[in-house]
Amino acid sequence: MGVVCTACSCLCDDIVIKDGKIYHACRKGCMLLTGEREKTRVEGGEADVEKAVERARELLKKPLILGLDNVCCEAQKAALKLAEETGAALVDHSLLSGGELIMFARELGREIEFEKFRDEGYLSFYWGANPHNSLPRHLSRFTYYPRSGKRQRGYEEDRFLVVADVRRSETAKIAEKSKSGLFLKVEKDGELVDSLLKAAEGKAGKYVEAARVLKEIEKAEVNAIFGGSGLYWGLRDLTKLGELVEKLDISFVPLTSKANMRGFAELMMKKAGSLCYDFGEGREIGLEDLPAVFESCKSVLVVGADPMRTFPHSLVEKLAGKDVIIVNSLKSVTSRVIDVEVVIATELSSFSGGRMIRSDGVEVEISSQPSSQPESLRDAEVLEMLR
Amino acid sequence: MFEFTKLMKFDVRVVVAEDILHEGDKAKALCSRELAEKLGVRNGDSIRLTRGDVSVCFEAEVSEFAEGVDIVIPSGYFAARLAGLENPKRFEAEVEKCDGADSI
């Protein structure tokens, strides 16, 4: 069994590492697997894990637990328990990117497993997503290029690619250049939804290509829209998109680039009923609550994330002067540019073993692998020690 | 020679996108050909994007992948400096030429 790459939510399980070389991984995967590892530190000086954990426990007062989208389900569960015990606010990236689409897909109940789509799928419709960069092997493993199951003639005859985006992205270029592809350059995503709904009623809308999309959808039973964060931020209100998916009778899968955002969303919906939750105040956290949550915490525990890269700085600035504890396997911009009290180096999720949930809702088992840093603990173990 | 294009400012549409090639310690941005011609920018020149009271200087690369919008900036540290909560993926900003790009 190969190594599971946790660089994005494709969770490719065919990665082979042999004699120091990495086979089958994309550029993003190689960057993750060869990335510079973090070292356990307390106030800038190297330290052992026990000392770092002890110091972190002293600092954890009314904390904000941040990140968690790139760690295994076991670590997410441990973080949830820690949040319940310390009255922490638990915030991941889902409010900024992908969370609403995951909720939408769960409610709609029209998801399709990537493997089923690989074997039977005809039309893949990437909307507000550029998998060429965010999920680099998605097209080749699951949607457009594979010759598999009922689709042995691959992209030449057995697949159709539609890309809707505000710009001509790399994926859009593939669709534009291919005879079995179509690029829809949209100004406003809502207008494309309207055009597709009108086309389904035999009327013409702003985008005349909508009729062609419908014609292609009629050619096969298994088709899917893969919605990226651009789709959510373009629409904001997903009601009409739901109507469209029902009317066209196609599948909808949210595309999130964070490896286990789906796992965190599933856990939080089950335990707290919302994507992010403040266990101290006992209320759910929405996007508009984030500034107050960042402001009011006394310390920050960052788990498997790099907030200086992924959260708007207008938010991160509110953490100035607070005690910051980082639990991470790779060196991050955050640990480079701000004063961090404690850094606890952990094993990379790809080697540590555990479970993750892919963006289509399928659970992926990650087997533990021999590591180049055998002394590192797993994220879940460190979070258990912090309780 | 006096470069009058340095005095020009435009409102531009900016998209934040994952871009593994261009994300790094130096701020880089993809510019559409249309904007590059309007602003007089070539590959390697620097542009300053201003949104509210935040400015970031990027090294420009004229790219077909910015066609449709004006500027594409790779998600990461520099995009996070400009992005707001109301829409961290797509926003409007002001662009002008400048000397040198920011780095971490």
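These are my notes on one helix of chain A and on the overall build of chain B.

**Entry 1: the model.** I'm working with a predicted model here.

**Entry 2: helix 10 of chain A.** I looked up its length to begin with. Helix 10 of chain A covers residues 189–200, which makes twelve residues. From first C-alpha to last it reaches 17 Å, close to the 16 Å expected at 1.5 Å a residue.

Which residues of helix 10 of chain A are buried? I got A:Asp189, A:Leu192, A:Val193, A:Ser195, A:Leu196 and A:Ala199. Looking down the helix axis, I see these buried residues fall within an arc of 160 degrees, so they line one face of the helix. A reminder to myself: an α-helix has 3.6 residues a turn, so residues three or four places apart point the same way.

Next I checked what covers the buried residues of helix 10. In chain A, the cover includes two strands, 8 (160–165) and 9 (181–185), along with helix 11 (210–217), helix 12 (229–235) and helix 13 (239–248).

After the helix comes A:Gly202, and its phi is positive, near 85 degrees.

**Entry 3: chain B.** I found two helices and six strands in chain B. Along the sequence their order is β-β-α-β-β-β-α-β. Its radius of gyration is 12 Å, close to the 13 Å from the globule rule for 104 residues, so chain B is as compact as a globular protein of that length. The C-alpha trace spans about 40 × 30 × 30 Å along the principal axes.

I also looked at burial: 48% of the 104 residues of chain B count as buried. Last came contacts in chain B between residues at least 6 apart in sequence; 80% of them join residues at least 24 apart.

How values were computed:
Residues are numbered from 1 along each chain as its sequence is written. Chains are lettered from A and ligands numbered from 1 in the order in which they are written. This is a predicted model: local features need pLDDT of at least 70, side-chain atom pairs count only at pLDDT 80 or more; totals for chains, interfaces and linings use all residues. Helices (H or I, at least four residues) and strands (E, at least two) are DSSP runs, numbered from the N terminus. The expected span of a helix is 1.5 Å times one less than its number of residues. A residue is buried if 20 or more other C-beta atoms lie within 10 Å of its own, exposed if 12 or fewer, and partly exposed in between; C-beta atoms are placed from the backbone. The arc is that of the directions from the helix axis to the C-beta atoms. Two residues are in contact if their C-beta atoms, placed from the backbone, lie within 7 Å. The radius of gyration is taken over C-alpha atoms; the globule rule is 2.2 Å times the number of residues to the power 0.38.
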